[in-house]
Amino acid sequence: MDGSQDLFDGSWDVRTTHVLNTSYWSDKASISSIALLKSLCSNGSMVEFAMEPPGVLVCRIPEQNVTVNMLDPSGLCNRRGEMYTIGDVVLLLCIRRSEYTYSSISNRGFRYINVLERDRIKSILCDSETSPELLEAKTRYISIYKDPSCTVPGSKDPGDGMCIPKRYGSKRLIDNVMKQVEESYCVLINHPDPEGMDYRLAKKQHRNICVVATALIDLPLRNRTTVITAYGEGFERIVRKLEDSQTTKAVPKVVVAPKPLAKILRINNKMRVLDEICCKYRKKPVIIVPSSAMSIVCRQNIKRLLEDHEFVDPQESMRNDGPIVSSLPMNAVEVVHKICGRAIKFRVVENSYTTKFTTSDWISVVCVVLNAKGGQWQFNGYPFDSFVDMFLTIKCALFTYDTDNVPGEMANWDLKVFRINRSHRHHDASIAKEFWQYIESFLLQPRNRKIHPSKRLS
């Protein structure tokens with residue numbers, strides 16, 4: 001999955017070539033996209049990117065004798081249901097890791113695949129079975145060299161001119177070895193000079209191949225690498241699963257008596273923050289963000305960061321996508337995140353609307369995102385007797401670039417700092433994951449709420 005090739009020219013851009021691309025590929029034959037990608041992933045074939053004379057970017061796979069359309073659908077979708085193209089997946093598989101950045105990919109008209117999506121795509125491409133819905137996507141292709149004896153992956157018709165190197169499975173490998181055992185045995189018993197040097201060499205070769213055959217038959221063809229490839233997770237985690245399953249089998253099941261209803265219901269003063277907000281007050285958790293778009297994380301881009309795990313500068317987002325439009329009260333934006341298998345809707349509200357908050361609204365506040373260029377005035381009007389009471393009731397987060405320093409005043413506050421890389425977008429997913437872990441640890445335990453009915457911070 002980590003590409004090692006660097007054949008993708010930085011000047012190529014497909015955003016303006018869709019019309020030329022459609023006319024160029026209109027009369028070409030098609031094959032299953034997922035079959036082609038699985039063959040590319042399993043065989044590790046080298047690819048070449050080239051610009052055809054009409055100005056159409058194509059992908060050539062010489063080992064498979066095929067040139068394919070990079071803008072055709074791959075059959076693979078992201079979590080939002082958006083289809084990846086052949087080019088999106090091929091670039092992920094084949095170009096050098098240091099060259100695979102959000103800006104270099106998106107500026108050429110392709111879709112960037114973040115870290116969390118890559119493991120899922122890898123497991124699909126490495127899986128021996130294919131879902132029927134994935135076979136519906138087709139890609140157009142042209143044979144580089146005509147060869148009637150070759151077959152296209154995903155096609156039952158020979159003669160398409162696409163050569164696919166055969167990948168040996170375990171059964172085929174054992175059959176080949178057993179055939180060599182028979183051949184070496186025939187050479188040995190039919191040797192004309194049982195006392196000569198050639199006979200002793202043939203006998204040694206026959207014994208060696210017999211040892212190989214015995215090892216293949218007696219031992220399963222699985223090792224650490226194949227196990228990790230098959231399951232898409234670390235070797236230590238697989239061993240831990242095996243140990244857990246053995247422990248579960250050894251421990252007899254204990255029938256637990258049902259608990260009384262009084263013990264199931266949580267006492268109000270020990271209620272988890274999430275239960276207090278969603279169940280008791282029937283509200284949605286609230287995240288307060290800076291009103292100014294000069295903050296690197298604000299209402300304009302927080303949904304894309306926390307849901308899609310992609311950071312986009314708010315000024316750039318404003319220029320490309322326009323201002324975010326909302327019909328919710330206080331111009332709020334909804335961000336959805338799963339906690340304990342349940343989708344929770346968070347309301348993101350700008351700091352300027354806090355003057356309209358009721359007591360139940362303040363109870364629903366779980367996090368305040370701070371502006372690094374601001375100070376204590378960001379908390380003006382908050383219903384707390386002191387800053388200590390505020391930090392006990394809600395969490396504070398500060399998003400800053402990894403090259404910037406945290407203001408000295410904020411260094412003494414009880415907040416969490418999240419450092420965003422300026423140039424490498426593959427770190428964004430880990431930032432979003434770290435933020436949600438910080439919020440979940442707060443939501444899934446009781447809190448000592450210190451909201452004051454009359455006093456305000458100033």
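Which residues in α16 are buried? I started there, keeping in mind that this is a predicted model.

**Entry: helix α16**
I checked the length of α16, residues 428–443, before looking at its side chains. With 16 residues at 1.5 Å a residue, the helix should span 22 Å, and I get 23 Å between its end C-alpha atoms, so the two agree. On burial, my list for α16 opens with Asp428, Ala429, Ile431 and Ala432. It carries on with Phe435, Trp436, Tyr438 and Ile439, and ends with Phe442 and Leu443. That answers my opening question about buried residues in α16.

**Entry: the chain overall**
I zoomed out next. The protein chain has 16 helices and 13 strands. Of its 458 residues, 41% count as buried. I also looked at contacts with a separation of 6 or more: 64% of them come from residues 24 or more positions apart. For the accessible surface I noted about 26000 Å², with 53% of that belonging to carbon and sulfur atoms.

**Entry: α2 against α3**
How do the axes of α2 and α3 cross? I took α2 as residues 33–43 and α3 as residues 86–94; their axes come within 11 Å and cross at roughly 5°. The pair is therefore roughly parallel, since angles under 35 degrees count that way. From α2, I found Ser33, Leu37 and Leu40 meeting Ile86, Val89, Val90, Leu93 and Cys94 of α3. Sorting that contact by class gave me 7 nonpolar residues, 1 polar and no charged ones.

**Entry: α2 against α5**
Then I turned to α5, residues 115–126, whose axis and that of α2 come within 9 Å and cross at roughly 95°. So I logged α2 and α5 as roughly perpendicular to each other. On the α2 side, the contact uses Ile34, Leu37, Lys38 and Cys41; on the α5 side, Ile124, Leu125 and Cys126. The class split here is 6 nonpolar, no polar and 1 charged. Leu37 turns up in the contact with α3 and again in the one with α5.

**Entry: Arg60**
Is Arg60 buried or partly exposed? I found this residue in strand β3, residues 56–61. Its relative accessibility is 28%, so I put Arg60 down as partly exposed; the buried class stops under 20%. Leaving out residues up to four places away in sequence, Arg60 touches Met46, Val47, Glu48, Ala50, Glu52, Val66, Thr67 and Ile144. I looked at Val47 separately: Arg60 is 13 residues from Val47 in sequence, yet their C-alpha atoms are 5.6 Å apart.

Technical notes. Residues numbered from 1 in each chain as written. Predicted model: local features only at pLDDT ≥ 70, side-chain atom pairs only at ≥ 80, totals over all residues. Heavy atoms only, no water. Axes fitted to C-alpha atoms, helices over the stretch in contact; angles between N-to-C directions. Helix = DSSP H or I, 4+ residues; strand = E, 2+ residues; numbered from the N terminus. Parallel < 35°, antiparallel > 145°, perpendicular 65-115°, else oblique. Contact = heavy atoms within 4.5 Å. Nonpolar A, V, L, I, M, F, W, Y, C, P; charged D, E, K, R; others polar. Expected span 1.5 Å × (residues − 1). Buried < 20%, exposed > 50% of the residue type's maximum accessible area, 1.4 Å probe, protein only. Areas by Shrake-Rupley, 256 points an atom, 1.4 Å probe, with all protein chains shown as cover.
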